[in-house]
Amino acid sequence: MDRRNLLRDPRAALHRIRVPRVLRLPLGSPLQVALLICSFALAAYAGVRLLDGDWLGVTVWIAGAALLHDLVLVPLYSAADRALLAAAGAMGQRARVGYVRVPAALSLLLLLVWFPLISGMTDTRYRSATGVPPDAFLPHWLLITAALFGGSALLLAGSVLRERRTTKRRRPSP
Amino acid sequence: MRDSLRLPTSPGLWRSPLRGTRFTSVLGLVLLVGIVVVFVTGLLSYAAYNPDLAPVNDKTPGKGLLGFYLFSWPTDPYWLYRLTQGVHVTLGITLIPVLLAKLWSVVPKLFELPPVRSVAHGLERLSLVLLVGGGLFEFTTGVLNVQLDYLFPGSFYPLHFYGAWVFFAAFFAHAALKVPTALRTVRRMRAGEQADGGEESTPPDPDPPTVSRRGALGFVAGGSLLLFATTAGRSFDGLRGTALLAPHGGAEPGSGPNGFQINKTAAYAGIRTADTAADSWRLTVTGRGGTVRLSHAELDGLARHSADLPIACVEGWSTSDQRWRGVRLRDLAALVGHDGDPPDVLVESLQTHGAFRHAALRANQVADPRSLLALYVNGARLSPDHGYPARIIVPAAPGVLNTKWVARLTFGRP
């Protein structure tokens, strides 16, 4: 195209510019784009303040939290759950696996949230700051775990008994 | 093993029949309400410190416009901070199972292919890093801080405050994009519609179910209930024993009038007995009329008043009302020339360290007749751990502004 044509029809000229294939990405919803850029701008405004101190440490913590959760915690508990299901299935107890799964998950949830106190890793500071030794947290967690599994066992026993009684009733007496 | 050759990017790896728009929608709507409440009560907690009053009250002086909403923290109702901060921490802890279940339900989306379908889609996925990373960061720093486990990289206040804004920026965008779908899904579920209408994105190769969706939601609710039941009691003296795993739960540190919860003991704050003894300790009160120095006996000679007020900590625990007895702050102001119009006051403690050994109170707090320089609690002298010989107690103020082991009050210069 010569210069004269280009001046006469700039839009045609624009179409001639080669856009690399990678950049030919559809925009998607403009509302969504506007909303997300607004969100990023606000996050950046707070983010520069968040990163003002130990920026590397904070970045590692935020990215690490997401990665640790998605790539370690989720696979770990999913694998444990699948192993439990497989083990129960091998014994034909798949339907009753909840009686182990639920108390185990609840007990581990408490351990996850209160790990610093239960493990005693903040023992010295907690004791000297509050005037109370944190010795009770581990026994409390163990007792709650015992209660969860004990309660579960009771429920299971109850349901097994009920099942037996109904099957007996259905069977005609000899 | 059919998983051995599968990558997480293969939809076939994800086999729980629970995953799908319906499960995610219910959890998402619970988090929408819960996180907004936790965010707002968190912002209120920052306002409660009166950070714009004096540099000593502000741990995030570089906040810029993020402090746009600040206001003078009131003294009424006197249990205000006990309520807002109790809700902030207890609700935050209660939401943990919902957050974990929500993240579990959407984890396959992390590995979705193609990674970017459009500009909007790419930005949304980028925003998820801030949403998930920021959310976990906020919950983790909060949970560690209440257990006095200061592992995080820096001071808690700026990390948790600025982190909250980064998280909330991503959260509001995510909510705006997803709430319509979530509401539509839940409305359909309530109407009992079986048809998916193309919106339910269940795994293509699901395992047989081991639990119903209702059962799974019940399990998440059970986890929340368990955390709530073992935490909430730390906000009430009579129920503290039920908070079996939460910090400042379980047993009281002592018995008798001074037996209630202690935030920082005298030993921890570096208070030496010699500094508080009758022959050495003096309270220095300064105002526009000059300076007076009061001994134990002189302070005891001033008009004494009572107030029933709680101690409420930023960590979410609180005590029930204690009966404090001491000298009104406004009477002390009058003593140094501020008669009738008590100004702000800067309170200084004998503490050798601690972020709030100096703290400022606003004029409205000084003027309240229940605001005391307390000398007695529940009919006995203050114990060393509760601030002997004198401590501040102000209605609705966060615990750290109720300075213990007070040595100096400077009126009119916060």
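The questions and answers below concern a predicted model and deal with two interfaces, one between chain B and chain A and one between two domains of chain B.

Me: What makes Asp52(B) and Arg362(B) a salt bridge?

Reply: The closest N and O atoms of Asp52(B) and Arg362(B) are 3.0 Å apart, and a salt bridge requires a side-chain nitrogen of Lys or Arg within 4 Å of a carboxyl oxygen of Asp or Glu. The pair therefore satisfies the rule, since 3.0 Å lies within 4 Å. Between domain 1 and domain 2 of chain B the count is two salt bridges.

Me: How many salt bridges are counted between chain B and chain A, and how many residue pairs are in polar contact there?

Reply: The count between chain B and chain A is zero salt bridges, but 19 residue pairs, both residues at pLDDT 80 or more, are in polar contact. A polar contact asks for a pair of N or O atoms within 3.5 Å, one able to donate a hydrogen and the other to accept it, so a pair can be counted here without a Lys or Arg facing an Asp or Glu.

Me: How do you know which helices of chain B help to form the side that touches chain A?

Reply: Helix H2 (80–106), helix H3 (119–146), helix H4 (156–190) and helix H5 (213–229) of chain B each supply at least two residues of that side, and the largest share, 16 residues, comes from H3(B). By class, the side of chain B that touches chain A has 53 nonpolar, 17 polar and seven charged residues.

Me: What is the area buried between chain B and chain A, and what part of it do carbon and sulfur atoms give?

Reply: About 6000 Å² is buried between these chains, and carbon and sulfur atoms give 76% of that area. The contact itself takes 77 residues from chain B and 63 residues from chain A.

Me: What makes domain 1 and domain 2 of chain B partners in an interface, when their centres are 39 Å apart?

Reply: The 39 Å separates centres taken over C-alpha atoms, whereas contact is judged by heavy atoms within 4.5 Å, so the two values describe separate things. By the contact rule, 29 residues come from domain 1 (11–229) and 32 residues from domain 2 (266–411). The two domains bury about 2400 Å² between them, 56% of it on carbon and sulfur atoms. In domain 1, Thr75(B), Tyr78(B) and Arg82(B) lose the most area to domain 2, together 29% of what that side buries.

Notes: Residues are numbered from 1 along each chain as its sequence is written. Chains are lettered from A and ligands numbered from 1 in the order in which they are written. This is a predicted model: local features need pLDDT of at least 70, side-chain atom pairs count only at pLDDT 80 or more; totals for chains, interfaces and linings use all residues. Side-chain values use heavy atoms; hydrogens and water are left out. Buried area is the accessible area (1.4 Å probe) that two parts lose on being put together, summed over both. A polar contact is a pair of N or O atoms within 3.5 Å; within protein, one must be able to donate a hydrogen and the other to accept it, and residues adjacent in sequence count only if both atoms are side-chain atoms. Helices (H or I, at least four residues) and strands (E, at least two) are DSSP runs, numbered from the N terminus. Ala, Val, Leu, Ile, Met, Phe, Trp, Tyr, Cys and Pro count as nonpolar, Asp, Glu, Lys and Arg as charged, and the others, Gly among them, as polar. Domain bounds come from an automatic or database domain assignment.
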